[in-house]
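Look at the sequence and the 3D structure together, and keep both in view while reading. The paragraphs below go from single residues to whole chains and then to the place where the chains meet.

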Amino acid sequence: MEFKTLLFYIFSTITVIAALRVITAKNPVHAVLFLVLAFFNVAGLWMLLQAEFLSLALVMVYVGAVMVLFLFVVMMLDINIERVRAGFWANLPLGIVVGGLLAAEMAMVLSGKYFGLANLPPQNLPANYSNTKELARVLFTDYAYPFEIASVILLVAIIVAVMLTLRRRKDNKAMHSSDQIAVKAKDRMRLVKMAPEVELPASQGDKA
Amino acid sequence: METMVVSFLQGALGSNWDTVKPVWPLVWTLAKIVLILAPLMLSVAYLTFWERKVIGWMQVRIGPNRVGPWGLLQPIADGMKLFFKEVLFPAAADKKLFVLGPIMAIAPALAAWAVIPFAPGWVVANIDAGVLYLLAVSSVGVYGIIIAGWASNSKYPMFGAMRASAQMISYEVSMGLGLICVLMVSNSLNLSEIVMAQSKGRFASYGFDFLSWNWLPLLPMFGVYLISGVAETNRAPFDVVEGESEIVAGHMVEYSGMAFAMFFLAEYANMILISAMTSIFFLGGWLSPLGFIPDGFHWLAAKIAAILFFFLWIRATFPRYRYDQLMRLGWKVFVPLTLIWILVTGVWMMSPLSIWK
């Protein structure tokens, strides 16, 4: 057995177990962490397919950023586990339909031989082939406009998300750091010129 | 080097070599990993000693000087003490995750060293997407703190975890964007090629190599990267994650003994890693500053040491940032600055004034 095959079985076994634990774990924090584990192993599988850019982007974007925010939210929620599990039987039919669709689609991909999907041109890659470079070349030349449109849509989504949650409270007393830094001494303190106090000669003080 | 070792082993083992041969790549890789991690752990130990000494001198104190000559055995004594202490588990803690926290903190800090080139060809994995690998691995480091904070089931660790996740994600953005400028000018994601790209240029042809390194044309990005690196490792003045005066020690409150030491090791290993990355991306890695001096690993070590000194220096100099100031600096100063400088670099590269052709 080739070493890669062994790696494939390790990664895929952990992925499947972790994915199962995501939906069976009682504690939502555990579920999120199992999802992270599943992502990590899928990244390993992609690496075996020589898609190193996608694989590392998956770790960087999903594991490193998105799932951290997920965890952040889940940790702050005070979830009543009993109530979350209450709707299980009511939602089961819908879940079965969605799961069945996913399974059918996966079956179509996996049994690609019967549908003629395997007739892809053979890959003869040179030794210095860089997956990342090729992806970037296609993305910024042939698909430059779709890429730009996608990024503008994402930008709009970010701005909308910020605007929806932005509310300025009237009783907010927060200071602007730049105002604080820009403060000059003369804004806070007034220096007054006055004649110096003259102490009385000591001899007069003694008499009093 | 590998061929030398192989031929030596073939001579020494004789016919037994055939039994070793199938597992040789594994043995060789493990040997390389040990060769990197053992000196790294030693540097971590002596970085803690050096930090205490430097801060001591800056505060007109002597610093540790009791254990061994000039206090040189202090880190060993600290390590022994922590090793023999009991690891306590809080009654309400989530035990499995409580153990997982320190492991997740230290694993990425060590794994990232796989792609760091120490000298031409001295690298465990000379992969094409080295920068991406570094970004991906270092983005996983935040899990250690978050998991530790949540699993402790206590209030200060939770606050620490919350602050950590917000802070580390914010500064990862500006670090990543700062690196994009480096990638643009060096036209590669491979770390060795990024270093070699800095050996060319007009100043380098005059013999002043250090003026051709990335720090000068990308000076704002160098500053952003260095400061974000301090924030990313949760070091003073950005150490709100474990701010002693506010939340005691953040995510580490409930940890003791070796579990606590793991966080400590991870923090210092991350510091050395960030220094190594800064040296490679902006200060020319193993290249010598002047043309007639030979290049070599000692130059990278010297640059790493200089940046580590900077880390210690600012710790002794600046008071801790307030949390809102920290977020403002990340999102309202660094991110816009990096975005503008990406544009400037792009225009510069396409203009006739480009220095990277």
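Start in chain B, in the loop between H7 and H8, where B:Asn153 is found. This is a predicted model, and in it the phi of B:Asn153 is near 55 degrees, a positive value in a residue that is not glycine. Most residues other than glycine have a negative phi. Is B:Asn153 buried or exposed, or something in between? A residue needs 20 or more other C-beta atoms within 10 Å to count as buried. B:Asn153 counts as partly exposed because it has 16 C-beta neighbours inside 10 Å.

A second asparagine can be set beside it. B:Asn234 sits in the loop between helix H11 (219-232) and helix H12 (244-247) of chain B. B:Asn234 also has a positive phi, about 60 degrees, although it is not a glycine. Its surroundings are described by another count: B:Asn234 has 25 C-beta neighbours inside 10 Å, so it counts as buried.

Now step back to chain B as a whole. Chain B has 15 helices and zero strands. Its C-alpha trace spans about 65 × 65 × 40 Å along the principal axes. How does the radius of gyration of chain B fit that of a compact globule? With 357 residues, a compact globule would have a radius of gyration near 21 Å, and the 22 Å of chain B agrees with this. Of the 357 residues in chain B, 44% count as buried. Among the contacts in chain B between residues at least 6 apart in sequence, 77% join residues at least 24 apart.

One example of such distant partners begins in helix H3 (residues 24-58) of chain B, which holds B:Val44. B:Val44 is buried because 21 other C-beta atoms lie within 10 Å. Its C-alpha atom is separated by 6.1 Å from that of B:Ala269, although the two residues are 225 residues apart along the chain. Leaving aside neighbours within four places in sequence, B:Val44 is in contact with B:Leu265, B:Tyr268, B:Ala269 and B:Ile272. From the other side, and again without neighbours within four places, B:Ile272 is in contact with B:Leu40, B:Ser43, B:Val44, B:Leu47, B:Ile304 and B:Leu308.

These contacts lead to the nonpolar core. In soluble globular proteins, nonpolar side chains tend to be buried together. Here the largest nonpolar core has 120 residues, and those with the most contacts inside it include B:Ala269, B:Ile272 and B:Leu273, as well as A:Phe39 and A:Leu56. Which helix gives the most to this core? Helix H13 (residues 257-282) of chain B does, with 17 residues.

B:Leu132 is another of the residues with the most contacts inside the core. B:Leu132 is one of the buried residues of H6(B), along with B:Val131 and B:Tyr133, among others. In H6(B), 11 of its 11 residues are buried.

Turn next to chain A. Chain A has 11 helices and zero strands. Of its 208 residues, 12% count as buried. Residues 24 or more positions apart account for 53% of the contacts in chain A with a separation of 6 or more. For a single residue, take A:Phe70, which lies in helix H3 (residues 52-76) of chain A. A:Phe70 counts as partly exposed because it has 18 C-beta neighbours inside 10 Å. The C-alpha atoms of A:Phe70 and A:Val29 are separated by 9.2 Å, and the two residues are 41 residues apart along the chain.

How many residues does each chain bring to the contact? Chain B gives 16 residues and chain A gives 16 residues. On the side of chain B that touches chain A, the elements that give two or more residues are helix H6 (130-140), helix H7 (142-151), helix H8 (155-186) and helix H15 (323-350) of chain B. H6(B) makes the largest share of this side, six residues. By class, the side of chain B that touches chain A has 11 nonpolar, three polar and two charged residues.

The predictor's own confidence comes last. The complex has an ipTM of 0.81 and a pTM of 0.83. Chain B averages a pLDDT of 86, and 100% of the residues score at least 70. Among the elements of chain B, helix H2 (residues 17-20) has the lowest mean pLDDT, 74, and helix H14 (residues 297-317) has the highest, 91.

Note on methods. Residues are numbered from 1 along each chain as its sequence is written. Chains are lettered from A and ligands numbered from 1 in the order in which they are written. This is a predicted model: local features need pLDDT of at least 70, side-chain atom pairs count only at pLDDT 80 or more; totals for chains, interfaces and linings use all residues. Two residues are in contact if their C-beta atoms, placed from the backbone, lie within 7 Å. Helices (H or I, at least four residues) and strands (E, at least two) are DSSP runs, numbered from the N terminus. Ala, Val, Leu, Ile, Met, Phe, Trp, Tyr, Cys and Pro count as nonpolar, Asp, Glu, Lys and Arg as charged, and the others, Gly among them, as polar. The radius of gyration is taken over C-alpha atoms; the globule rule is 2.2 Å times the number of residues to the power 0.38. A nonpolar core is a set of buried Ala, Val, Leu, Ile, Met, Phe, Trp, Tyr and Cys residues joined through C-beta atoms within 7 Å. pLDDT is the predictor's confidence in each residue, from 0 to 100.
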